[in-house]
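Colleague: Please take a close look at the salt bridges for me, and then at the long helix and whatever it packs on. I'd like the reasoning spelled out, not just a list.

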Amino acid sequence: MENSSGIKVEKAPIVSNPKGRRFRSLRWKISLSSSMILLAVVMLFCFVSYLGLMANFDNQREVEYHRYSREVNSLIKNTSQNLYQLAEMIPFLDGMKKALLTNDGESISKVFDLHWALLQFHNGVEFVHFYNPQNQLNASWDSLDTHMDGNILLSTWVSHVNQSERPINPLLCRESCIQYIVAPLLVEGKKVGVVVMGISLADVFLAFKRIAGADIGLLIKEQNSLLQNDPDFLR
């Protein structure tokens, strides 16, 4: 394009802003930074609160575990004591002193039959065996299925008690858990044999359910000795 004086004049190009480039005010930048800081603080607070809640939950669970363990141990201990008291009472049952002194299985069976039903239904006893001082079985009453390995264990326990003349209270779990008492029988200061009595732990667990309102499981830690089992209790 030329003007009247003949000088060529060119139009200046119009410079536009780059695409997408916008002006951000200082106030907006401050607001964005403050929001990010506030969000970080809130997230940190939530994380710390979560850790605190989890720690409290673990502590409470540990306290309840130990409390339940003490309660179950106490119930099992009471069961063992009750069995031991029943074992001590046997020679004083009507007719049992004479039958035990004769060391005759038929006589023991005839006399103890009169007392078995009461022990079974009133005291929950499910297993009674009488052995002589030579570890031989004289008479037995059993409402449970006894397996071969259980009979071997019973023979081991009876032999041990006959030798030591001290009672033991092993806990045996197969298909069900049975608390036993293996105790020597004394009549007028004379050892006349050994009695083995057993009671199911199902009643113990039901009693714990009524007391604590919680369900439990029982794990048995295997021991090298066949004379004892060390139970661990889990909620």
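Modeller: Let's fix the term first: a salt bridge here is a side-chain nitrogen of Lys or Arg within 4 Å of a carboxyl oxygen of Asp or Glu. Arg-67 and Glu-71 make the grade because their side chains meet at 3.4 Å, N to O, against that 4 Å cut-off. Keep in mind that this is a predicted model. The general idea is simple enough: side chains of opposite charge can pair when their charged atoms come close.

Arg-67 and Glu-71 both sit in helix H1, four residues apart, which is about one turn of the helix. Neither partner is hidden away: Arg-67 counts as partly exposed at 33% relative accessibility, and Glu-71 gets the label partly exposed too, at 23%.

In total the structure has three salt bridges. Another one joins Asp-58 to Arg-61, with 3.3 Å between the closest N and O atoms. Here again both residues belong to H1 (residues 26-89), this time three residues apart, or about one turn. Asp-58 is partly exposed, with 32% relative accessible area, and Arg-61 is partly exposed at 45%.

Then there's Glu-165 with Lys-191, whose closest N and O atoms are 3.7 Å apart. Glu-165 comes from the loop between helix H4 (148-164) and strand E3 (171-173), while Lys-191 is in strand E5 (residues 190-200), so this pair ties together parts that are 26 residues apart in sequence. On accessibility, Glu-165 is partly exposed at 47%, and Lys-191 is partly exposed at 24%.

Now for H1 itself. How far apart are the end C-alpha atoms of H1, and does that agree or disagree with the expected span? They are 94 Å apart, and 64 residues at 1.5 Å a residue should span 94 Å, so the two agree.

What does H1 lie across? The helix crosses E1, strand E4 (177-187) and E5, running at about 30° to E4. Those strands belong to an open sheet of five, ordered E2-E1-E5-E4-E3 with antiparallel pairing. Strand E2 (137-142) and E3 are the edges, each pairing on one side only. From one strand to the next, the twist averages 20°. If you want a concrete spot in there, strand E1 (residues 125-131) and E5 run antiparallel and are joined by six bridges, and Phe-130 has Val-195 in E5 as its bridge partner.

Back on the helix, the buried residues of H1 are Tyr-68, Ser-69, Val-72, Leu-75, Ile-76, Thr-79, Ser-80, Leu-83, Leu-86 and Ala-87. Thr-79 is a handy one to zoom in on. At 12% relative accessibility, Thr-79 counts as buried because the cut-off is under 20%. Leaving out residues up to four places away in sequence, Thr-79 touches Gln-179, Ile-199 and Val-204. Two of those contacts can be placed in the sheet from their numbers: Gln-179 falls within E4 (177-187), and Ile-199 falls within E5 (residues 190-200).

Terms used:
Residues are numbered from 1 along each chain as its sequence is written. This is a predicted model: local features need pLDDT of at least 70, side-chain atom pairs count only at pLDDT 80 or more; totals for chains, interfaces and linings use all residues. Side-chain values use heavy atoms; hydrogens and water are left out. Helices (H or I, at least four residues) and strands (E, at least two) are DSSP runs, numbered from the N terminus. Buried means under 20% relative accessible area, exposed over 50%, partly exposed in between (1.4 Å probe, protein chains only). Two strands pair if DSSP finds at least two bridges between them. Axes are lines fitted to C-alpha atoms, for helices over the stretch in contact, and angles run from 0 to 180 degrees between N-to-C directions. Contact means heavy atoms within 4.5 Å. The expected span of a helix is 1.5 Å times one less than its number of residues.
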